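Visitor: I am new to protein structures, and I would love a guided tour. Could you show me one and let me ask about it as we go?

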Amino acid sequence: MDVAVIGGSVAGLQAALTLGRARRQVLLFDDGRARNRAASHVHNYLGALEVSPDELLARGRQQVAEYGVEVRDHRVEDVSFEDDGFVVDGVRVRAVVLATGLWDELPDVPGVADGWGQSVVACPHCHGWEVRDQPLVQLGLRGAPDRSVARALLLSRWSDDVVLCTDGDALTGTQLDRLTVAGVKVRTERVAAVASGVRFVGGESLAAWRVFVVVRQHQQSDLAERLGCQVTDGAVVVDEGGRTTVPGVYAVGTTAAPTLLAIGAAGHASTVAVAVHGDLLESDLGGGW
Ligand SMILES: Cc1cc2nc3c(=O)[nH]c(=O)nc-3n(C[C@H](O)[C@H](O)[C@H](O)COP(=O)(O)OP(=O)(O)OC[C@H]3O[C@@H](n4cnc5c(N)ncnc54)[C@H](O)[C@@H]3O)c2cc1C
């Protein structure tokens, strides 16, 4: 087997597609936790209109099967080194592509987790168009007012009715001035719950079509670290070909670049797969990694 791809969301499937079409033998593992699985649609993905995350991945799986990619539906717990390759799930492979993605740590406010992906979202580029010109709340991340303000300023381009709820954080004069210029209103009371908007601790409610939140992101898997790859600021460090600091191990999509939207993650994976194929070719011809 040439390559094990670990993670089968958009990045992993695209890497497998590009490698399969390059006539590489590919084994792909996935344990079904695509980051956007709570959302009803994938937006801002060229050619994918009104497609759910599940449907997009199901189509991807059908596509990669046509090029001989084998898919195993389970979590990879360990990867070991053997000779000049690796052993993944008992199978010897020449290269490993990590497409294990991220998970989102949500603000610890009642109602946020229940509404996640539907009434509660994070990214205006993913979900802003659908609620343009409507009343929107940007719920700040308590203790991180800079990030909260930056997100509210971003969201203000989709609607002129945006309220930043700082959940108890005070803002500086400069921050308030910038929000005023952008037309963003500010509420600094503590938030008791999120439900069709927010409810403040005092009991008052503020209705909104969507509540946008600020999340903290974490790697879904520690395989990169356990393989010895450098991980900095929550991202696996790679070069332009997706090569990690460990020869033969690559990282694609949000595993390597956390801010990528779905199509960017897939695009990155395609670029890296081309590099993997080229490196395998060099190795075929007697070169090393
Ligand atoms: C609620 C929400 C909605 C979003 N909506 C949009 C949108 O509309 N448009 C858009 O462009 N972007 C959207 N995004 C962002 C989008 O989800 C990401 O850009 C995209 O999912 C990144 O894909 P990825 O392949 O890099 O990683 P992920 O989607 O995170 O996938 C990683 C995969 O690896 C698997 N995995 C992890 N560890 C292992 C292991 N050890 N063994 C086997 N499998 C493993 C997981 O199960 C998962 O399937 C949204 C994000 C969220 C949170």
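Guide: Gladly! One definition will help us: a residue is called buried when its relative accessible area is under 20%, exposed when that area is over 50%, and partly exposed in between. Please also keep in mind that this is a predicted model.

Visitor: Then is D233 buried or exposed?
Guide: Let us first place D233, which sits in the loop between β18 (231-232) and β19 (235-236). Exposed means a relative accessible area over 50%. D233 has a relative accessibility of 77%, so D233 counts as exposed.

Visitor: What is the phi of D233?
Guide: D233 is a residue other than glycine, and its phi is positive. The value is near 50°.

Visitor: Is D167 buried or exposed?
Guide: D167 is also a residue other than glycine with a positive phi, near 55°. Its place is the loop between β11 (162-165) and α6 (173-182). With a relative accessibility of 2%, against a cut-off of under 20%, D167 counts as buried.

Visitor: Let me step back to the whole protein. How many helices and strands does the protein have?
Guide: For the overall picture, the C-alpha trace spans about 70 × 35 × 30 Å along its principal axes. Of the 289 residues, 48% count as buried. The protein's elements number eight helices and 20 strands.

Visitor: How many disulfides does a search of the whole structure find?
Guide: A disulfide needs two cysteine sulfur atoms within 2.5 Å. Take C126: its closest cysteine sulfur is in C123, at 3.1 Å, which is too far for a bond. Over the whole structure, the number of disulfides found is zero.

Visitor: There is one aromatic pair in the structure. Why is the pair of F81 and F86 called tilted?
Guide: The ring centres of F81 and F86 are 5.4 Å apart, and the planes meet at 45°. Planes under 30 degrees apart would be stacked and those over 60 edge-to-face, with the rest called tilted. The angle falls in between, so the word for this pair is tilted.

Visitor: Which residue lies over the face of W129?
Guide: Look at the ring of W129 and find its centre. At 3.9 Å from that centre lies R132.

Visitor: Now to the ligand. Which residues come nearest to the ligand?
Guide: Several elements contribute to the shell around the ligand: α1 (10-21), β8 (102-105), α4 (124-127) and α8 (262-284) each supply at least two residues. In total, 38 residues surround the ligand. Those that come nearest are D30, D31, R33, H43 and T254.

Visitor: How much of the ligand's exposed area does the protein bury?
Guide: Begin with some contacts to oxygen atoms of the ligand: a polar side-chain atom of S9 lies at 2.8 Å, and a polar backbone atom of A11 at 3.0 Å. G32 brings a backbone N or O atom to 3.4 Å from a ligand oxygen. Taken alone, the ligand exposes 990 Å², and the share of this that the protein buries is 98%.

Visitor: Which side chains does R24 join by polar contacts of 2.9 Å and 3.1 Å?
Guide: R24 lies in the loop between α1 and β2, and with 10% relative accessibility R24 counts as buried. At 2.9 Å, the partner of its side chain is H277. At 3.1 Å, the partner is D284.

Visitor: How far apart in space are E50 and V249?
Guide: E50 is in the loop between β2 (26-29) and α2 (53-65), and its relative accessible area of 63% makes E50 exposed. Its side chain joins that of H41 by a polar contact of 3.2 Å. In sequence, E50 and V249 are 199 residues apart; in space, C-alpha to C-alpha, the distance is 35 Å.

Visitor: And how far apart in space are E70 and L27?
Guide: E70 is found in strand β3 (residues 70-72) and, at 33% relative accessibility, counts as partly exposed. E70 and L27 are separated by 43 residues in sequence. From C-alpha to C-alpha, their distance in space is 4.9 Å.

Visitor: One last stop: which residue's backbone nitrogen does the side chain of S221 reach?
Guide: S221 sits in the loop between β17 (216-219) and α7 (223-227). A relative accessible area of 13% makes S221 buried. At 3.0 Å, its side chain reaches the backbone nitrogen of L223.

Key. Residues numbered from 1 in each chain as written. Predicted model: local features only at pLDDT ≥ 70, side-chain atom pairs only at ≥ 80, totals over all residues. Heavy atoms only, no water. Phe/Tyr/Trp six-rings, centres within 6.5 Å; stacked < 30°, edge-to-face > 60°. Lys NZ or Arg CZ within 6 Å of the ring centre and 35° of its normal. Near = heavy atom within 4 Å. Polar contact = N/O pair within 3.5 Å; in protein donor to acceptor, adjacent residues only side chain to side chain. Areas by Shrake-Rupley, 256 points an atom, 1.4 Å probe, with all protein chains shown as cover. Helix = DSSP H or I, 4+ residues; strand = E, 2+ residues; numbered from the N terminus. Buried < 20%, exposed > 50% of the residue type's maximum accessible area, 1.4 Å probe, protein only.
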